[in-house]
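Trainee: Please take a close look at the second largest cavity in this model. What lines it, and what is found around it?

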Amino acid sequence: MARTHHLSFYGSLLLSRLADQVLLFLVPLVVYQQTGSASWTGIAFFVETLTRFVAFPICGVLSDRHPPMRLLRQSQALRALSCMAGLAAGFALEGQPALVALVLVSAACGVFTTQGVMAREVLLPHIFPGERFERVLAHAQIADQLGMVAGPVVAAAALAVWPWQGVLGCSALLFIVADAGLAWWQRQHTGDLPQGRDASGESWWIPLRIALHHIARLPGLKPLIALAAGVNLVVGVTQATAAAMVTGLLGQSDARYAQLQTAGAV
């Protein structure tokens, strides 16, 4: 029972990350295939990733003030609903409007993914009382990384069988199964989980101001932020142009593109 209890939680993290990576793989590839424009592919990637980073401060405040388990489950349910809405729009619309719907779905899922990540970080020290936090964190990271590695392979395999609307439906199903696993784990869990703190009357700006104060005053933090921004810039440019470079300029198949993305994840 204890082993099943552990697997249900880590399996939920794995499936959730897998579905998220399928979306990250899908959007630039489909936009390039439909438009043949590297510029539009880059814009689509920019939109779907910008929302993830912009949402971090807001999601951090939410995770402080509200029960993180509820936020984590809501993030998975909302991602599933977003994918189903995109699936309906994909079949109802054609051409550029359908692509816009796909990009908007990915952007919305990016916001909810950020909320899930922040809520998960708050939960991790409390999920398995009595176990070393380093062990719990390592297992969570393994599940996360496996989802990142398998995502491109799963997306490419699904695209070989179904149109992109079907792949979007697969992502919705993965989010639903991930939430079911988390719900089962929650019913079996016997320890206390954090419930958030009462911040009624407290301005949302206060925690953001504290964070900005730390950035400005803590020694060595600004160079680290600049370094992280530089790395993310290089990675972002690579990911935004990979679909156009591999399938367009080099004339390779979707499977080759999936292999490249998988190698990058590894």
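Mentor: V22, V154, A158, V167, C170, S171 and L174 line the second largest cavity of this predicted model. Its space comes to about 30 Å³. Two elements, α5 and α6, each give two or more residues to this lining. The largest contribution is that of α6, with 4 residues. By class the lining holds 6 nonpolar residues and 1 polar residue, and no charged residues.

The other cavity makes a useful contrast. The count is 2 cavities of 30 Å³ or more, and the largest has about 120 Å³ of space. Around that largest cavity stand L13, S16, R17, D20, L72, Q76, R79, T113, G116, V117, R120 and D144. Here the elements giving two or more residues are α1, α3 and α4. Its lining divides into 3 nonpolar, 4 polar and 5 charged residues, whereas the lining of the second largest cavity has no charged residues.

Next, the packing. In soluble globular proteins, nonpolar side chains tend to be buried together. The largest nonpolar core in this model has 34 residues, and within it F25 and W164 touch the most other members. Two or more residues of this core come from each of α1 (2–35), α3 (68–92), α4 (96–123), α5 (133–161), α6 (164–188), α8 (221–249) and α9 (254–265). The largest share is that of α1, with 10 residues. Leaving aside residues up to four places away in sequence, F25 touches P152, A155, A156, L159, D254, Y257, A258 and Q261. Another core, of 17 residues, lies apart from the largest one and includes F9, Y10, L72 and L123. One of these, L72, is also in the lining of the largest cavity.

There is open space to consider as well. The largest pocket has a volume of about 1,200 Å³. It is lined by 36 residues, of which L24, T49, F53, V235 and Q239 are the closest to its centre. The elements that supply two or more lining residues are α1, α2 (38–65), α4, α5, α8 and α9. Of these, α8 gives the most, with 9 residues. The pocket lining has 19 nonpolar, 12 polar and 5 charged residues.

To return to the part you asked about: α5 and α6 each give two or more residues to the lining of the second largest cavity, and both elements also give two or more residues to the largest nonpolar core.

Key:
Residues numbered from 1 in each chain as written. Predicted model: local features only at pLDDT ≥ 70, side-chain atom pairs only at ≥ 80, totals over all residues. Heavy atoms only, no water. Core = buried A, V, L, I, M, F, W, Y, C linked by side-chain atoms within 4.5 Å. Buried < 20%, exposed > 50% of the residue type's maximum accessible area, 1.4 Å probe, protein only. Contact = heavy atoms within 4.5 Å. 1 Å grid on protein atoms, 1.4 Å probe; cavity = no way out; pocket = protein on both sides within 12 Å on 5 of 7 lines; lining within 4 Å. Points joined across faces, edges and corners; volume = space filled by probe spheres on them. Nonpolar A, V, L, I, M, F, W, Y, C, P; charged D, E, K, R; others polar.
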